[in-house]
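Subject: Structure for you, with some notes

Hi,

Here is the structure I promised to pass on. Have a look at it first, and my notes follow underneath.

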Amino acid sequence: MSVIRVSDVVKDYPIAGGYYRALQGVSLEIAQGEYVAIMGHSGSGKSTFMNLLGCLDRYTQGRYWLNSCEVGSLSRNELAQLRNRTLGFVFQGFNLLSRMNLADNIGLPLVYAGVSKAERRRRAQALLDRVGLGAYAESHPNQISGGQQQRVAIARALINQPRVLLADEPTGNLDSQTSEEILAIFRQLNADGITIVLVTHEADVAAHALRQVGFRDGRIVRDEPTAEAGRRSPPC
Amino acid sequence: MLIAMLGEAWRAMGANRLRSLLTMLGMVIGVGAVVLMMAVGQGAQYAVKQSISAMGSNLFIVSASLSTTSGGVRRAGAAKITVADAEAMMELPGVEVVGQSLHPAPVQVIHGQANWTASIVGAVPEYLDARSWDVVSGSRFTESDVKAATRVALIGQNVGRKLFGDEDPVGKVVRIKQQPFVVLGVLAPKGQSLDGRDQDDSIIVPLVTAQRKLFGQTGGGINMIMVKAESLEAMPSVEQEMRALLRQRHRIREGMENDFSIRDLTATANTAAETAKVMSMLLGSIASVSLLVGGIGIMNIMLVSVTERTREIGIRMALGAREGAILAQFLLEAIIMSVIGCVIGLLLGLVGAELFRRFGNTTVVVSGGSALVAFGVALSVGVFFGYYPARKAALLDPIEALRYQ
């Protein structure tokens with residue numbers, strides 16, 4: 001059963017004297033537990049598509065079901081709730097709030113879910129332990145390295161136990177050693193059953209996924225399993 | 001959720017301490033000014049009310065005109081009103097009390113080594129009734145004291161204190177113009193009159209004593225007749241009748257000017273009260289302008305803050321913040337700033353009012369009501385001026401906010 005189903009989605013941006021069609025009718029289905037890398041050059045429409053998947057932006061035409069729920073008909077507040085309960089975001093720039101310590105950063109989505117402070121604290125600490133930063137709960141984002149910040153961001157994305165993790169160039173600001181560590185975490189999470197959609201323009205990052213979807217000029221031009229998928233589930 | 005948001009708002013303000021403090025300063029000045037001005041304004045109203053009630057109610061003051069016209073020539077001080085005029089007024093309907101009095105220049109009063117300059121009032125006993133002026137210790141003089149021109153005196157609070165200190169003045173002797181007077185009683189404190197004189201500096205002696213023994217006047221001339229009407233409603237008719245009576249008694253022909261004047265003290269008092277009220281409102285509205293400016297300062301800073309934190313708002317929205325949560329976050333910040341500013345302003349205003357009272361010699365009235373009003377206004381200013389920036393934040397597009405650099 002597919003957790004994400006996109007059918008003939010079109011996205012237009014208004015520009016001077018008309019509009020620019022960033023997505024020209026995209027259809028895609030992603031099943032529960034998949035690990036999909038979305039690839040393409042800048043301007044290919046992959047980031048636009050990712051924003052639509054993340055319920056951050058609205059599409060012009062077509063239909064999108066997330067968790068069997070049609071996103072196009074939802075209000076702003078319903079979209080916020082959907083992001084809060086179903087999705088986890090990991091960004092290229094980490095996007096931690098510098099004023100808060102790491103535990104509060106991780107617990108932030110729970111504030112909007114109405115979870116008590118003690119419970120937020122407990123769950124944040126558990127996730128900090130899980131990403132190997134258990135001793136840094138009181139630290140602030142500017143006191144730790146980029147790789148550590150990205151791990152905190154992953155912990156934040158996981159705190160609401162989302163169905164889908166959306167990662168937009170998660171290794172774009174990291175060196176190759178740290179990138180490997182982050183991708184290892186993703187692989188582990190996927191093995192635990194979380195659906196992951198990762199946007200990247202780097203082939204070696206995409207190689208970690210199990211399925212690659214290539215974008216060009218607002219269309220899907222390629223959709224195939226990776227070699228990694230072959231290694232993980234060898235043909236019988 | 002609210003506690004978490006309060007903590008966040010506090011941290012957000014702490015991130016820009018100087019800016020938050022300067023923003024609050026606007027509120028501090030605004031609220032402080034409102035509290036201080038209201039205290040001064042209410043103080044002025046209170047002072048006027050005090051002097052009105054000190055004067056007595058439903059009063060007319062009848063006095064000789066300062067100038068009269070006689071044969072085309074204006075002559076100063078020629079006109080007179082007399083004891084006989086006063087006695088005739090007693091007969092008019094609607095008149096309750098008539099108290100005639102003589103008010104010469106202040107003279108020196110001596111007791112032992114102490115001396116003090118007091119205003120002597122020559123009066124009939126009814127004068128005290130007309131003024132609602134009580135004797136707090138000792139007793140009043142009577143009609144027979146007036147007729148016999150005895151040397152007795154009622155002294156004001158201030159006179160008693162200056163001449164006798166802690167001693168009881170009743171039964172003691174003071175010397176006025178080299179003549180011994182027995183102090184019969186001490187008058188109740190009255191405070192300032194509407195024209196600014198301290199009435200507690202008065203000494204009241206029987207009218208005839210003042211006329212004959214102190215100031216050598218003959219012919220029964222007096223300065224002033226105080227007429228107390230039975231009620232406020234009776235005042236217009238009493239005034240008409242008095243005018244007609246005096247014109248007749250003074251033989252003023254049709255078309256000639258009066259040689260006396262009748263002042264309605266209630267009207268005068270009301271005018272004074274009205275003036276004080278207008279002044280109080282004026283002060284309050286000037287102060288309110290500074291409160292308004294303070295509010296605009298908050299709005300300005302909140303708008304800057306929303307722009308600066310656009311990316312943060314985007315992150316929060318991506319993590320599932322609803323419009324209401326973002327709105328509440330920024331609104332709360334504005335409210336906290338205005339409430340803290342208000343509390344500090346309130347304290348400074350109270351301190352200012354106290355300084356005014358001590359060193360400015362002004363009556364100030366600080367009421368819990370005015371403090372409460374200032375607080376409520378500050379809160380509404382915070383909500384009013386914080387709402388627009390907060391709404392702007394809440395309605396941001398998540399993807400644009402996230403992309404904001």
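Let me start with B:Gln179, which counts as buried because its relative accessibility is 15%, and the cut-off for buried is under 20%. Keep in mind throughout that this is a predicted model. B:Gln179 sits in strand β11 of chain B, which covers residues 179-187. Its side chain makes a polar contact of 2.9 Å with the side chain of B:Arg151. Leaving aside residues up to four places away in sequence, B:Gln179 touches B:Arg151, B:Val174, B:Lys213 and B:Leu214.

Just ahead of that strand is a residue with a backbone angle you may want to look at. B:Lys177 belongs to the loop between β10 (173-176) and β11 of chain B. Its phi is near 50 degrees, so a positive value in a residue other than glycine. B:Lys177 is partly exposed, with a relative accessible area of 40%.Chain A has a similar case in A:Phe94, which has a positive phi of about 70 degrees although it is not a glycine. A:Phe94 lies in the loop between β6 and α3 (102-112) of chain A. Is A:Phe94 buried or exposed? At 9% relative accessibility, A:Phe94 counts as buried.

Back in chain B, another residue to click on is B:Ile301, in helix α9 (residues 265-308). B:Ile301 is buried, since its relative accessible area is 18% and buried means under 20%. Apart from residues up to four places away in sequence, B:Ile301 touches B:Arg19, B:Thr23 and B:Met337. If you measure along the chain from there, B:Glu312 is 11 residues from B:Ile301, and their C-alpha atoms are separated by 17 Å.

Now for the cavities. The structure holds 2 cavities of 30 Å³ or more. The largest cavity has about 70 Å³ of space. Its lining draws on both chains: A:Arg83, A:Asn84, A:Leu87, A:Gly88, A:Phe89, A:Pro109, A:Arg156, A:Ala157, A:Ile159 and A:Asn160, together with B:Ala318 and B:Leu319. Two or more of these residues come from each of α2 (76-86), β6 (87-90) and α5 (146-158) of chain A. Which element gives the largest share of that lining? It is β6(A), with 3 residues. By class, the lining of the largest cavity divides into 7 nonpolar, 3 polar and 2 charged residues.

The second largest cavity has a volume of about 30 Å³. It is lined by A:Tyr112 along with B:Met5, B:Glu8, B:Arg316, B:Ala325 and B:Gln329. In chain B, α1 (2-15) and α11 (323-359) each supply at least two of the lining residues. The lining of the second largest cavity has 3 nonpolar, 1 polar and 2 charged residues.

Finally, the overall picture of chain B. It has 13 helices and 15 strands. The radius of gyration of chain B is 33 Å, well over the 22 Å that the globule rule gives for 405 residues, so chain B is more spread out than a compact globule. Its C-alpha trace spans about 100 × 55 × 35 Å along the principal axes. Of the 405 residues in chain B, 47% are buried. As for contacts in chain B with a separation of 6 or more, 77% are between residues 24 or more positions apart.

Cheers

How values were computed. Residues are numbered from 1 along each chain as its sequence is written. Chains are lettered from A and ligands numbered from 1 in the order in which they are written. This is a predicted model: local features need pLDDT of at least 70, side-chain atom pairs count only at pLDDT 80 or more; totals for chains, interfaces and linings use all residues. Side-chain values use heavy atoms; hydrogens and water are left out. Helices (H or I, at least four residues) and strands (E, at least two) are DSSP runs, numbered from the N terminus. Buried means under 20% relative accessible area, exposed over 50%, partly exposed in between (1.4 Å probe, protein chains only). Contact means heavy atoms within 4.5 Å. A polar contact is a pair of N or O atoms within 3.5 Å; within protein, one must be able to donate a hydrogen and the other to accept it, and residues adjacent in sequence count only if both atoms are side-chain atoms. On a 1 Å grid over the protein atoms alone, a cavity is a set of points where a 1.4 Å probe fits but cannot get out, and a pocket is an open set with protein on both sides within 12 Å along at least five of seven lines; lining residues have an atom within 4 Å of a point. Grid points are joined across faces, edges and corners, and a volume is the space filled by probe spheres set on the points. Ala, Val, Leu, Ile, Met, Phe, Trp, Tyr, Cys and Pro count as nonpolar, Asp, Glu, Lys and Arg as charged, and the others, Gly among them, as polar. The radius of gyration is taken over C-alpha atoms; the globule rule is 2.2 Å times the number of residues to the power 0.38.
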